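Please open the model in your viewer and set the side chains to be displayed as sticks. The tour below proceeds by selection, from one acidic side chain to the charged pairs.

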Amino acid sequence: QVQLVESGGGLVQAGGSLRLSCAASGRTIGLYDMGWFRQAPGKEREFVASVSYSGGSTYYFDSVKGRFTISRDKDKNTVYLQMNRLKAEDTAVYYCVAGRSGIYSQKYDYWGQGTQVTVSS
């Protein structure tokens with residue numbers, strides 16, 4: 001069983017930065033690819049970024065490339081999403097995910113509870 005707990009969300013002005021964290025627990029978490037999805041009010045949930053179990057490969061949704069950076073600290077079992085140059089359209093609930101279907105897959109086995117990110121324009 002894997003448990004994911006997100007933190008770091010909040011209110012920020014457009015152009016600002018936030019860093020989300022996801023603390024993962026579970027005996028085999030080191031074998032899981034991890035990532036972030038988001039869901040804005042009235043919209044479908046969408047993929048944001050993913051990182052391989054080794055941390056060596058990453059993948060990003062086009063609209064966040066160059067602004068967001070995903071990373072993981074294997075010693076701390078934590079995944080981070082550094083979000084820079086935030087825009088109003090980045091406002092959403094952000095969910096941490098873990099899975100073993102590859103970083104390009106949309107299928108993840110475990111989901112966190114989510115953390116709210118609000119960007120004011």
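Begin by selecting E6 together with G114: a polar atom of the E6 side chain lies 2.9 Å from the backbone nitrogen of G114. Please bear in mind throughout that this is a predicted model.

Keep E6 selected and add Q113. The backbone nitrogen of Q113 is reached by the E6 side chain at 3.1 Å. E6 itself belongs to strand 1, which covers residues 3-7.

Next, display the surroundings of E6. Leaving aside residues up to four places away in sequence, E6 is in contact with S21, C22, W36, Y94, Y95, C96, G112, Q113, G114 and T115. Which side chain of opposite charge is nearest to E6? Select R45, which is 9.5 Å away. E6 is buried and forms no salt bridge. The pair is not counted as a salt bridge because a side-chain nitrogen of Lys or Arg must be within 4 Å of a carboxyl oxygen of Asp or Glu, whereas R45 is 9.5 Å from E6.

**The charged network**

Now clear the selection and choose R38, E46, R67 and D90. These residues are linked in a network of salt bridges.

Within this group, focus on R38 and E46. They form a salt bridge in which the closest N and O atoms are 2.6 Å apart. Is each partner buried or exposed? R38 counts as buried, because its relative accessibility is 4% and the cut-off for buried is under 20%. E46, with a relative accessible area of 27%, is partly exposed.

Retain R38 and turn to D90. Their side chains meet in a salt bridge, with 2.9 Å from N to O. This pair links distant parts of the chain, the two residues being 52 residues apart. R38 is in strand 4 (residues 33-39), while D90 is in the loop between strand 8 (78-83) and strand 9 (92-99). Both D90 and R38 are buried.

**A further pair**

Finally, select D62 and K65. Their side chains also meet in a salt bridge, at 3.1 Å from N to O. D62 counts as exposed because its relative accessibility is 59%, and the cut-off for exposed is over 50%. K65, at 49% relative accessibility, counts as partly exposed.

To close the tour, how many salt bridges does the model contain? The count comes to four, among them R38 with E46, D90 with R38 and D62 with K65.

Technical notes:
Residues are numbered from 1 along each chain as its sequence is written. This is a predicted model: local features need pLDDT of at least 70, side-chain atom pairs count only at pLDDT 80 or more; totals for chains, interfaces and linings use all residues. Side-chain values use heavy atoms; hydrogens and water are left out. Buried means under 20% relative accessible area, exposed over 50%, partly exposed in between (1.4 Å probe, protein chains only). Helices (H or I, at least four residues) and strands (E, at least two) are DSSP runs, numbered from the N terminus. Lys and Arg count as positive and Asp and Glu as negative; His and the chain ends are not counted. A polar contact is a pair of N or O atoms within 3.5 Å; within protein, one must be able to donate a hydrogen and the other to accept it, and residues adjacent in sequence count only if both atoms are side-chain atoms. Contact means heavy atoms within 4.5 Å.
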